[in-house]
Amino acid sequence: MALRFHNTLTQQIEEFQPADGHTVRMYTCGPTVWNFVHIGNLRTFTFQDILRRWLRARGFALDHVMNLTDVDDRIIREAAAAGKTIYEYTEQYTQAFLDDAAALRLERPERLVKATDHIPEMVEAIRKLSAKGFTYESEGSVYFRVSGFKDYGKLSHSDFGGMKAGARVDTDKYDKTDARDFALWKARKEGEHFWEAAIGAGRPGWHIECSVMSMKYLGETLDIHAGGVDLTFPHHENEIAQSEALTGKRFARFWLHSEHLMLGEQVMSKSLGNFYTLRDLLGMGYTPEAIRYLLASVPYRKQLNFTFDGLHAAATAIERLRNFDLRLAGGKFPDGAHDGLAARAAGALRKFEESLDDDLNTAEALGAVFEYVRDANTAMDAGEFRAANTAQARGLLARFDAVFDVLKPAAKAGDITGPEIEDLIAARTAARKARDFKRADEIRMELADRGVILEDTRDGVRWKRK
Ligand code: AMP
Ligand code: ZN
């Protein structure tokens with residue numbers, strides 16, 4: 001069965017192919033850089049990382065754009081309170097986000113783009129929307145008139161029964177003629193950051209950011225647009241309205257939304273105050289791999305309840321896989337193959353791949369790996385595991401780790417770093433070439449003392465930390 005995803009737009013599981021058959025043009029809503037992200041946010045970004053990696057495993061190239069929302073009400077407020085410009089203020093949290101993402105081994109999207117770098121494009125888009133009659137002005141702000149866009153509600157599958165067009169709703173800040181209308185451009189307010197523009201002095205609304213930046217880099221129709229489930233309405237509904245009003249074309253072919261990380265009965269959120277940051281958990285001694293594993297292990301369309309028991313279980317699961325990996329590396333197995341085990345390894349690989357093809361069913365995929373590892377360990381205990389079984393076992397672990405990426409332990413403070421290890425391995429290889437086996441052995445011993453095990457394979461030297 002082919003790769004398929006649940007599409008929020010159609011509410012169906014659909015077979016996925018990029019429109020050009022080759023490169024997936026994907027946009028994901030990134031963080032608002034007003035503070036540290038919490039592990040709920042990171043669940044959504046981890047899902048997107050698994051999605052990236054599986055798309056690539058399935059042979060597609062990626063052009064993935066993620067935005068950083070670096071201007072909004074909270075940023076303006078907090079920056080002012082800290083006596084900083086919005087640029088100074090967001091810089092520290094942008095860096096913190098990048099550090100957290102790297103610690104969790106989230107791949108860098110092909111393009112990370114900032115809202116404040118795209119103000120002229122946003123102004124231009126708003127002008128075009130106005131020229132097409134989709135906007136109105138009120139007290140210096142420009143609003144999108146939702147009643148002018150006939151497909152409004154098609155993503156969130158809502159007919160807005162209680163929010164009829166024409167019902168006048170005054171918010172305390174801005175005047176709108178319909179509760180669903182939203183600001184494209186917010187008029188300058190005293191003491192707030194603003195830009196001078198042909199449409200008046202002010203700043204962009206949040207929704208226009210994403211429409212403008214996604215279409216600028218990816219074209220008018222994206223293959224995939226993803227985000228957390230809370231963004232479906234109004235954010236993504238509004239993105240569709242603006243974008244399709246501008247182009248007359250379908251904005252995104254697939255909409256993927258990930259469910260929330262919960263803490264007990266409640267959604268983990270900054271505003272409720274019930275959250276952990278990655279830094280909190282690392283400070284308590286948990287590893288980034290265990291956190292990554294936990295966040296990835298439940299399929300993205302199911303809520304995941306965060307517990308410390310769950311985090312311990314994740315660490316144990318990783319340990320089991322690492323032990324198996326070490327057993328494979330260190331074992332001297334008799335020649336030949338155990339046929340039953342060979343068939344089970346092939347079956348596990350098939351099941352792993354089919355599960356991820358099935359709307360990224362990570363739980364089933366992990367189940368297939370652990371079932372095989374249990375059988376292989378049993379065979380090893382009984383002396384039945386054979387030399388010819390190792391390649392398949394390694395292949396399965398490699399396929400697993402290309403997606404889940406938890407086998408290599410993260411360096412701890414004071415540990416020898418990856419590049420230092422690579423340098424020493426290169427020096428050892430050079431010594432061996434020069435037939436200086438004494439030196440080569442010394443290097444191996446030095447690495448062993450520093451907790452690094454080398455393994456010579458046909459494809460070169462592999463290393464792992466003890
Ligand atoms: P924000 O920085 O508030 O724009 O959020 C960044 C991303 O995190 C968005 O895609 C949200 O949908 C997502 N998000 C926020 N809270 C949670 C949560 N508790 N679980 C999963 N994702 C979340
Ligand atoms: Zn967005």
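**Reasoning about a zinc site, a helix and two cavities**

Modeller: His-235 is buried in this predicted model, and Glu-239 is buried too.

Colleague: What makes a residue such as His-235 count as buried?

Modeller: The word is used when the relative accessible area is under 20%, so the label on His-235 and Glu-239 tells you that each of them falls under that limit.

Colleague: Which atoms coordinate the zinc ion (ligand 2), and how do you know that they are donors?

Modeller: They are SG of Cys-29, SG of Cys-210, NE2 of His-235 and OE of Glu-239, at 2.0 to 2.8 Å. A donor has to be an N, O or S atom within 2.8 Å of this metal, and therefore these four qualify.

Colleague: Why is the arrangement around the zinc ion (ligand 2) called irregular?

Modeller: The angles subtended by the four donor atoms run from 71 to 132°. To count as tetrahedral, all angles would have to lie between 85 and 135 degrees, and 71° fails that test. Square planar would need opposite donors over 155 degrees apart, which an upper value of 132° does not reach, so the arrangement is irregular.

Colleague: What is the spacing of the donors along the chain, and why are His-235 and Glu-239 about one helical turn apart?

Modeller: The spacing is C-x180-C-x24-H-x3-E. His-235 and Glu-239 both belong to helix α6 (residues 232-247), and because they are four residues apart there, about one turn separates them. As a general rule, an α-helix has 3.6 residues a turn, so residues three or four places apart point the same way.

Colleague: How do you know that the span of helix α1 (residues 39-57) is close to the expected one?

Modeller: The expected span is 1.5 Å times one less than the number of residues, and for the 19 residues of α1 that is 27 Å, while the first and last C-alpha atoms are 26 Å apart. In α1, 16 of the 19 residues are buried, so the helix is described as mostly covered.

Colleague: How many cavities of 30 Å³ or more does the structure have, and what lines the largest cavity?

Modeller: There are two, and the largest cavity holds about 70 Å³ of space. Its lining includes Arg-43, Phe-47, Leu-295 and Thr-362, and α1 gives the most to it, with four residues.

Colleague: What makes the lining of the largest cavity seven nonpolar, two polar and one charged?

Modeller: Arg counts as charged, so Arg-43 is the charged residue. Thr falls among the polar residues, and therefore Thr-46 and Thr-362 are the two polar ones, which leaves seven nonpolar residues, including Phe-47 and Tyr-300.

Conventions: Residues are numbered from 1 along each chain as its sequence is written. Chains are lettered from A and ligands numbered from 1 in the order in which they are written. This is a predicted model: local features need pLDDT of at least 70, side-chain atom pairs count only at pLDDT 80 or more; totals for chains, interfaces and linings use all residues. Side-chain values use heavy atoms; hydrogens and water are left out. Donors are N, O and S atoms within 2.8 Å of the metal (3.2 Å for Na, K and Ca); water is not among the atoms, so sites may look incomplete. Four donors count as tetrahedral if all angles lie between 85 and 135 degrees; four count as square planar and six as octahedral if opposite donors are over 155 degrees apart and all others between 65 and 115; anything else is irregular. Helices (H or I, at least four residues) and strands (E, at least two) are DSSP runs, numbered from the N terminus. Buried means under 20% relative accessible area, exposed over 50%, partly exposed in between (1.4 Å probe, protein chains only). On a 1 Å grid over the protein atoms alone, a cavity is a set of points where a 1.4 Å probe fits but cannot get out, and a pocket is an open set with protein on both sides within 12 Å along at least five of seven lines; lining residues have an atom within 4 Å of a point. Grid points are joined across faces, edges and corners, and a volume is the space filled by probe spheres set on the points.
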